[in-house]
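Colleague: I have a few minutes before the next run, could you walk me through this one?
Modeller: Gladly, let us have it on the screen and go through it piece by piece.

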Amino acid sequence: MEEHTSSTINLQPSTVWAALASVPDPEIPVVSITDMGMVRDVTVSDAGRVTVTFTPTFSGCPALHVIRDSIEQAVRDLGVTDIEVKSTLTPPWTTDWIGDDARERLRQYGIAPPAPTGEGQLIQLDAEPTRCPRCGSLNVRMTASFGPTLCKRMYVCDACREPFEGFKSL
Ligand SMILES: [Zn+2]
């Protein structure tokens, strides 16, 4: 499209959401940022300005600027020129925001999906046993509190000897 006008573009927030659904999580390419529940709000102003508000999965994740750039690019690809990408830490991201479908893909990818934190706020840490995503054994050991990023824990399965990553359940 070579037509450029300064008038408003007829863009629906749902179109932006759909575009963002194709933005992969920078660390886990099998899920998108919307799968992970990172995108909190999309607004389109009368003047055509698109504002996307997102919450990073973990504040310690180094991929923040990658996510920001990816969001901006996805919106730009819709023909939008006036884009604002904001991040917010309140409320903080929780693993409960991960969609059911995404949990299954995480498991198939070899990452133990986080247990829903549910109601027990005080006992959520390790309240649910971690299963080996490969063989399903509960006979797993945590080998490091933090994986390559602050987001994950490293485990090894004593049943099949497979090392794997698990999310910290927040
Ligand atoms: Zn195993």
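Colleague: In which sense do strand S4 and S7 pair, and over how many bridges?
Modeller: Keeping in mind that this is a predicted model, strand S4 (residues 111–112) runs parallel to S7 where they pair, and 2 bridges join them. Within that pairing, Ile111 stands opposite Glu165 in S7.

Colleague: And is S7 enclosed or open?
Modeller: Strand S7 covers residues 163–167, and 4 of its 5 residues are buried, so the rest of the structure largely encloses it.

Colleague: Different topic, then: what is the order of the strands in the open sheet?
Modeller: The order is S1-S2-S3, and the pairing among these 3 strands is mixed. Strand S1 (39–44) and strand S3 (83–87) are at the edges with a single partner strand each, so one side of each has no neighbour in the sheet. On average, neighbouring strands here are turned by 15° against each other, with direction ignored.

Colleague: How do S1 and S2 pair?
Modeller: Strand S2 (residues 50–54) pairs with S1 in the antiparallel sense, over 5 bridges, and in that pairing Asp41 stands opposite Thr53 in S2.

Colleague: Which strands do the helices lie across?
Modeller: Helix H1 (residues 13–20) lies across S1 and S2, at about 140° to S1, while helix H2 (residues 64–76) lies across S2 and S3, at about 150° to S3.

Colleague: Staying with H2, which of its residues are buried and which are exposed?
Modeller: The buried ones are Ile67, Ser70, Ile71, Ala74 and Val75. They cover an arc of only 130° around the axis, which means that they are on the same side of H2. His65 and Gln73, on the other side of H2, are exposed.

Colleague: What covers that buried side?
Modeller: The cover over the buried residues of H2 includes H1, S2 and S3.

Colleague: What span should H2 have, going by its residues?
Modeller: With 13 residues at 1.5 Å a residue, H2 should span 18 Å, and its end C-alpha atoms are indeed 18 Å apart, which agrees.

Colleague: Last one: how many residues are in the largest nonpolar core, and which have the most contacts inside it?
Modeller: That core has 31 residues, and those with the most contacts inside it are Val16, Leu20, Ile33, Val52 and Ile71. Several elements each supply at least two residues of this core, among them H1, helix H3 (100–109) and strand S6 (152–157), but H2 gives the most, with 4 residues.

Conventions
Residues are numbered from 1 along each chain as its sequence is written. This is a predicted model: local features need pLDDT of at least 70, side-chain atom pairs count only at pLDDT 80 or more; totals for chains, interfaces and linings use all residues. Two strands pair if DSSP finds at least two bridges between them. Axes are lines fitted to C-alpha atoms, for helices over the stretch in contact, and angles run from 0 to 180 degrees between N-to-C directions. Two residues are in contact if their C-beta atoms, placed from the backbone, lie within 7 Å. The expected span of a helix is 1.5 Å times one less than its number of residues. A residue is buried if 20 or more other C-beta atoms lie within 10 Å of its own, exposed if 12 or fewer, and partly exposed in between; C-beta atoms are placed from the backbone. The arc is that of the directions from the helix axis to the C-beta atoms. A nonpolar core is a set of buried Ala, Val, Leu, Ile, Met, Phe, Trp, Tyr and Cys residues joined through C-beta atoms within 7 Å.
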